[in-house]
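The following exercises introduce a protein structure to a reader who has not met it before. Please study the sequence and the structure, and attempt each task before reading its solution.

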Amino acid sequence: MQNAELNTLDTKQYRTACGGTINIPQQTQHHLNAHPNVVEHLHAAIGKIHLPVVRKKIEEEIDTGRPIGRSGVVKTAPIQIGDQALFSLRANRKLPSRVANIGEFGEETSRIVVVARPNLVENQYDLITAWIGTLARKEPWDGSIAERREFQECLRFWSSTALVYDPTVMGPVFESSWKDILTQGKSRFL
């Protein structure tokens, strides 16, 4: 089946490999501004997805088969929750993200991640987010983290991983700690 992009008012729709649809609502389109260059690859990536038989959230890492850009994250030396590190506020985010030193860049990759949840309409999903690179954990301040165990896994991941700093979608870099950021966000897991 040929992959097609449909536009319905402010919602874009892309066909999946199995004939389903993944909608990109206006709010998600706005959210994707913090992920440069991902939008131009969504059409091809979503066209490779097979929606699950049992309707559930999907977190797919798709190999496009060709280089599409650089990963937006890099591995770092591990830090503790109270250690100072670099942070920056990304576009359309309420709290800062950990960032790598200015000038660091991610590895060339052919992968894109697509995260979507079932829509009320059968065989349709709504895109939550997407990015160039590999699967990553939620940021420790993410309000959708439900359990302490998940919070600890996310904090551990982002204590040894950082986003590549991109001044086109991020504010100024500043020093802080995960403890201070999580306190600012009123994390229920501190």
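In which sense do strand β7 and β8 pair, and over how many bridges?

**Solution.** The model is predicted, so local features need pLDDT of at least 70 and side-chain atom pairs count only at pLDDT 80 or more, while totals for chains, interfaces and linings use all residues. Residues are numbered from 1 along each chain as its sequence is written, and side-chain values use heavy atoms, with hydrogens and water left out.

Step 1. Helices (H or I, at least four residues) and strands (E, at least two) are DSSP runs numbered from the N terminus, and two strands pair if DSSP finds at least two bridges between them.

Step 2. Strand β7, residues 85–88, pairs with β8 in the antiparallel sense over 2 bridges. Opposite Ser97 in β8 stands Ser88.

**Exercise 2.** Establish the strand order of the open sheet and its edge strands.

**Solution.** Step 1. The order of the 3 strands is β8-β7-β13, and their pairing is antiparallel.

Step 2. β8 (97–98) and β13 (174–176) each pair on one side only, which makes them the edge strands.

Step 3. In general, strands of a sheet pair through backbone hydrogen bonds, either parallel or antiparallel.

**Exercise 3.** Describe the surroundings of Asp126, and decide whether Asp126 is buried or exposed.

**Solution.** Step 1. Asp126 belongs to strand β11, which covers residues 124–132.

Step 2. Buried means under 20% relative accessible area, exposed over 50%, and partly exposed in between (1.4 Å probe, protein chains only). The relative accessible area of Asp126 is 19%, so Asp126 is buried.

Step 3. Contact means heavy atoms within 4.5 Å. Apart from neighbours within four places in sequence, Asp126 is in contact with Asn23, Pro25, Val115, Ala116, Arg117 and Asn119.

Step 4. A polar contact is a pair of N or O atoms within 3.5 Å; within protein, one must be able to donate a hydrogen and the other to accept it, and residues adjacent in sequence count only if both atoms are side-chain atoms. The side chains of Asp126 and Asn23 make such a contact, at 3.0 Å.

**Exercise 4.** Characterise the largest pocket by its volume and its lining.

**Solution.** Step 1. On a 1 Å grid over the protein atoms alone, a pocket is an open set of points where a 1.4 Å probe fits, with protein on both sides within 12 Å along at least five of seven lines; lining residues have an atom within 4 Å of a point.

Step 2. The volume, which is the space filled by probe spheres set on the points, is about 1,400 Å³ for the largest pocket.

Step 3. Of the 49 lining residues, His31, His35, Arg90, Arg93 and Thr129 lie nearest the centre of the largest pocket. Elements giving two or more residues to this lining include α1 (26–31) and α3 (148–158). The largest share, 6 residues, comes from β11.

**Exercise 5.** Locate His35 and identify the residues that His35 touches.

**Solution.** Step 1. His35 lies in the loop between α1 and α2 (39–46).

Step 2. With a relative accessibility of 13%, His35 counts as buried.

Step 3. Not counting residues up to four places away in sequence, His35 touches Arg90, Arg93, Thr129, Ala130 and Trp131. The side chains of His35 and Arg93 are joined by a polar contact of 3.2 Å.
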